[in-house]
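Work through these exercises with the model open. Each one sets a task and then solves it in steps.

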Amino acid sequence: MIVLKAVLVSKDRDYISAWLDYVQGSSSDFNVRFTAFSQWDSFRDHMNEQEGRELPDLVIAEPEFLNNWLSNGGEASGIPWLMLSEGMDEVDEAKRLMKYQPMPTLLDAVMQACRQPRRKKMHRPGQETLSIGVVSASGGSGKTAVALHMAKQLGLAGYAVLYLNLETLDSTLPFLEKGLSRSGQRHPDAETGLSRLLYELKVGKKESGKQVQSKAVDGYVIRHEALKSDVFWPLSNRKEMLQMTCEDTSNLLRYLTDSGQYDVLILDGDSGWDGRSEGVLDTADAFVWLVEDDISAMHRWGQWLQHAERTKPDLYESVLERSRFVVNKYRDNVVNALPRPDLHLDAVLPYIPSWKQLSQEEVMLSSPIFQREVKRLCAMLVQDGEEELKQTGRIQKGDRWAL
């Protein structure tokens with residue numbers, strides 16, 4: 001796991017202690033290491049010492065410290081920052097962190113603001129790109145919300161992630177458009193990236209009789225900073241998606257996997273038996289199979305399994321072996337029986353009532369409770385070979401605190 005580094009600066013030592021006590025005692029796997037200061041000289045000396053070393057991923061400071069640092073070279077350092085504010089300071093809202101908030105809210109803001117390393121996948125034996133399909137037998141089960149959260153949490157953990165939406169009617173644009181429009185990575189052909197790639201794969205296959213040789217994917221995708229992942233701009237022509245066959249989908253996924261640019265592909269598609277869905281079922285390495293605790297949804301799940309077992313028994317067995325069954329919109333307990341006695345649930349994701357009345361796109365990606373549970377789900381699917389760093393205590397030396 002990649003551990004990010006943040007610097008916290010406040011003249012209030014009790015505030016620093018409360019912050020660090022919470023982080024140290026937190027039961028969550030919060031992967032940011034803090035160094036804290038209460039005096040300008042100590043903070044300045046620490047930042048000067050970082051020259052030639054690995055820079056912090058975020059500075060969180062009260063206005064008098066922050067403004068001093070920014071005017072003395074901090075602005076040119078490229079280090080992200082947040083102003084620890086009590087609401088009276090003139091600063092861009094995106095850069096303002098209200099000082100007195102619940103700690104989970106403060107730490108979530110820290111994770112959002114930290115500079116995230118975009119790790120490129122290197123081909124090594126036994127460490128290939130992992131493709132994860134988020135699937136369901138029922139529409140409306142929350143596939144897109146779960147897929148977006150998975151992409152974000154894996155991106156925050158330092159993985160190189162690509163989110164790919166294969167829905168006939170793409171529902172992601174309201175949640176992604178603002179971030180796409182603000183992205184400095186956007187290029188003139190951004191809105192045709194997926195169309196061009198599908199066309200080039202099909203033409204190349206037809207002309208050569210074999211799979212097109214993989215190359216860099218950068219020319220087709222856009223970096224979405226809020227999602228911490230690469231994405232394709234949603235297709236504007238629905239016919240292109242409707243005309244995708246099982247073979248087209250499998251070729252696309254193999255191309256993205258063989259490019260070697262990503263650790264994880266998150267695949268979000270329709271509930272059904274169209275060519276795209278079958279391509280995902282044939283090709284993905286693992287599935288998050290979403291289930292709702294609803295009698296109709298359980299019935300649909302049973303019908304899907306029965307149809308697959310009867311018509312495609314090999315695929316049926318293979319999909320079951322690759323699937324983690326997850327109850328989404330979970331409320332306290334599961335009241336409906338699973339459609340088959342040999343099935344079991346692997347995880348649950350909570351029901352978030354506020355999502356029923358969303359008026360701001362980014363709210364859906366910012367639920368601390370949902371993010372925590374998705375992070376646990378990701379840990380079930382993705383095993384990082386690096387040993388997890390363990391925090392054993394707090395170090396204080398002079399005016400410096402560290403976790």
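A residue counts as buried under 20% relative accessible area, as exposed over 50%, and as partly exposed in between. Keep in mind that this model is predicted.

**Exercise 1. Classify Lys-329 and say where it lies.**

Step 1. Find the residue. Lys-329 sits in strand β12, which spans residues 323-330.
Step 2. Take its relative accessibility, 29%. Partly exposed covers the range between 20% and 50%. Lys-329 is therefore partly exposed, at 29%.
Step 3. Check the backbone. Phi of Lys-329 is positive, near 60°, and the residue is not a glycine.

**Exercise 2. Is Lys-228 buried or exposed?**

Step 1. Locate Lys-228 in the loop that links β8 (222-224) to β9 (229-231).
Step 2. Read its relative accessible area, 5%. The cut-off for buried is under 20%. So Lys-228 is buried, at 5%.
Step 3. Look at phi. Lys-228 has a positive value of about 60°, although it is not a glycine.

**Exercise 3. Describe the surroundings of Thr-168.**

Step 1. Start with position. Thr-168 belongs to the loop between β7 (161-166) and α6 (173-182).
Step 2. Test for burial. Its relative accessible area is 19%, so Thr-168 is buried.
Step 3. List the contacts, leaving aside neighbours within four places in sequence. Thr-168 touches Arg-238, Met-241, Leu-242, Asp-270 and Arg-276.
Step 4. Pick out polar contacts between side chains. Thr-168 pairs with Asp-270 at 2.5 Å. The side chain of Thr-168 also meets that of Arg-276, at 2.8 Å.

**Exercise 4. Which salt bridges does Arg-223 form with Glu-225 and Asp-230, and how accessible are the partners?**

Step 1. Recall the cut-off: a Lys or Arg side-chain nitrogen must lie within 4 Å of a carboxyl oxygen of Asp or Glu.
Step 2. Check Glu-225. The closest N and O atoms of Arg-223 and Glu-225 are 3.6 Å apart, and the pair forms a salt bridge.
Step 3. Check Asp-230. The side chains of Asp-230 and Arg-223 form a salt bridge at 3.7 Å, N to O.
Step 4. Add accessibility. Arg-223 has 7% relative accessibility, so it counts as buried. Asp-230 is buried too, like Arg-223. Glu-225 is partly exposed, with a relative accessible area of 45%.

**Exercise 5. Trace the network that holds Arg-44.**

Step 1. Name the members. Asp-41, Arg-44 and Asp-45 are joined into one network by salt bridges that share partners.
Step 2. Take one of its pairs. Asp-45 and Arg-44 form a salt bridge, with 3.4 Å between the closest N and O atoms.
Step 3. Compare with the accessibility ranges. Asp-45 is partly exposed, with a relative accessible area of 36%. Arg-44 is partly exposed as well, at 33%.
Step 4. Set this in the whole model. The structure holds 15 salt bridges.

**Exercise 6. How many disulfides does the structure hold?**

Step 1. Know what to look for. A disulfide is a covalent bond between the sulfur atoms of two cysteines.
Step 2. Give the count. The structure holds 0 disulfides.
Step 3. Place two cysteines by accessibility. Cys-114 has a relative accessible area of 3%, so it is buried. Cys-246 is partly exposed, with a relative accessible area of 23%.

Technical notes:
Residues numbered from 1 in each chain as written. Predicted model: local features only at pLDDT ≥ 70, side-chain atom pairs only at ≥ 80, totals over all residues. Heavy atoms only, no water. Helix = DSSP H or I, 4+ residues; strand = E, 2+ residues; numbered from the N terminus. Buried < 20%, exposed > 50% of the residue type's maximum accessible area, 1.4 Å probe, protein only. Polar contact = N/O pair within 3.5 Å; in protein donor to acceptor, adjacent residues only side chain to side chain. Contact = heavy atoms within 4.5 Å. Disulfide = S-S within 2.5 Å.
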